Structures are given as structure tokens and as C-alpha cells.
Amino acid sequence: MPRKILVLNGPNLNLLGQRQPEVYGRETLADVDRACTTLAAELGVEVDFRQSNHEGQLIDWIHEARGSASGIVINPAAYTHTSVALLDALSAFDGPVIEVHISNVHKREDFRHHSFVSLRADGVIAGCGTEGYLLALRRVASLTRG
Ligand code: DHK
């Protein structure tokens, strides 16, 4: 069975392609899901791609990933900057975690410069657009290669 990588997306990313395209681009989340699924086939892994606007839902999915996923790619969106709960949930997960931001958060407002999730993440990709998801997927796949 191919190893499973959970790709999690936080609040407002369901509007990707429509909201602030000058910041986040014109691709939709469905486009990103398709690109991840195509790359996953090449890498011999399975991708489980999800989005929620609710912190508790994201936390429940991270808990479920314990024992069912080999690694996590996460764009926590605004929860990056606010959520100790998401940090704690990720800290209870044993596999590699790569944090992704579509925009370069360091070029933006000061409040986006701090990430709670980075205290747990094994790697962080920011400012590479939606291609960041593919870079993150490659990294998790290589870290989990047996
Ligand atoms: C997405 C968001 O929704 C913001 O709240 C983050 C992140 C940045 C991104 O670049 O993907 O600050």
C-alpha cells in the first residue's frame, strides 16, 4: 500500500483563485489538489487533500493522521499566526510536517511574520505560490522513503 500524505488547508483557502488573486494567484484549490494528486502518483505516494475553515476540524484530522498518515503538508492559513492548539496537535504527530504559505508572509504585515506552527514544522516553504505544495510533497515523500 502506498504511504499516505495528508495535505491540510486552513481557513479561506476554499476561496483560492477568487480572493486577493494579486496575493494568492488565480489557481483554485481544486487545481492544487489535482497537481498534488498527479505528483503523488509519480512519487508513489497517496495524497489525502482536505480544507476546513474550522480550527477544531483541522485538529481532529491531525489526530486521525496519527497512525494513518506518514507525513503532513499543511497550509494553516490565518491559524498559522494564532493557533497554539494546532501547534499542539501537530506536536502529537510523529511523522514529518512541512508548513506551506502561498505568499511570502515575511514580505507582508508584521503579524504574519510569526508562526506557531513553525515551532513544530520540519520545513517551511513561503512565497513559492501554489508550487510550494509540490515542493513540500516532494520533501515529505523523501523524508518518509523507507
Ligand atoms: C494564507 C492565508 O490565508 C493567510 O492568513 C496567511 C497564507 C498566509 C498563505 O500565504 O498561503 O497569512
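User: Say a polar contact is a pair of N or O atoms within 3.5 Å. What distance separates an oxygen atom of the ligand from an N or O atom in the side chain of R19?
Analyst: Keep in mind that this is a predicted model. R19 is among the residues that surround the ligand. The R19 side chain has an N or O atom within the 3.5 Å cut-off of a ligand oxygen, so the pair counts as a polar contact, and the distance is 2.7 Å.

User: And R112: how far is its polar side-chain atom from an oxygen atom of the ligand?
Analyst: R112 also belongs to the set around the ligand, along with residues including N75, H101 and S103. H81 is in that set too, with a polar side-chain atom 2.7 Å from a ligand oxygen. For R112, the corresponding distance to an oxygen of the ligand is 2.8 Å.

User: Which residue has R19 over the face of its ring?
Analyst: Look among the ligand's surroundings, which include both R19 and the residue you're after. R19 sits 4.1 Å from the ring centre. The ring belongs to Y24.

User: Are the rings of F49 and Y133 stacked, edge-to-face or tilted?
Analyst: A search of the whole structure turns up 1 aromatic pair. In it, the rings of F49 and Y133 have centres 6.3 Å apart, with 40 degrees between their planes. Stacked needs under 30 degrees and edge-to-face over 60, so this pair is tilted.

User: How many residues apart in sequence are the parts that the pair F49 and Y133 ties together?
Analyst: F49 is in strand β2 (residues 46-51), while Y133 is in helix α5 (residues 131-144). Both residues are buried. The pair therefore ties together parts whose separation in sequence, in residues, is 84.

User: Which element gives the most residues to the largest nonpolar core?
Analyst: That core has 25 residues, and F49, V73, Y133 and L137 have the most contacts inside it. Elements giving it two or more residues are β1, α2, β2, β4 and α5. The top contributor gives 6 residues, and that's α2.

User: What is the distance between the C-alpha atoms of V73 and A136?
Analyst: V73 is in strand β3 (residues 71-75), and it's buried, with a relative accessible area of 1%. Beyond its neighbours within four places in sequence, V73 touches residues including I5, V100, Y133, A136 and L137. V73 and A136 are 63 residues apart along the chain, yet their C-alpha atoms are separated by 6.4 Å.

Note on methods: Residues are numbered from 1 along each chain as its sequence is written. This is a predicted model: local features need pLDDT of at least 70, side-chain atom pairs count only at pLDDT 80 or more; totals for chains, interfaces and linings use all residues. Side-chain values use heavy atoms; hydrogens and water are left out. Rings of Phe, Tyr and Trp (its six-membered ring) pair if their centres lie within 6.5 Å; planes under 30 degrees apart count as stacked, over 60 as edge-to-face and the rest as tilted. Helices (H or I, at least four residues) and strands (E, at least two) are DSSP runs, numbered from the N terminus. Buried means under 20% relative accessible area, exposed over 50%, partly exposed in between (1.4 Å probe, protein chains only). A charge sits over a ring if NZ of Lys or CZ of Arg is within 6 Å of the ring centre and within 35 degrees of the ring normal. A nonpolar core is a set of buried Ala, Val, Leu, Ile, Met, Phe, Trp, Tyr and Cys residues joined through side-chain atoms within 4.5 Å. Contact means heavy atoms within 4.5 Å. A residue is near a molecule or strand if one of its heavy atoms lies within 4 Å of it. A polar contact is a pair of N or O atoms within 3.5 Å; within protein, one must be able to donate a hydrogen and the other to accept it, and residues adjacent in sequence count only if both atoms are side-chain atoms.
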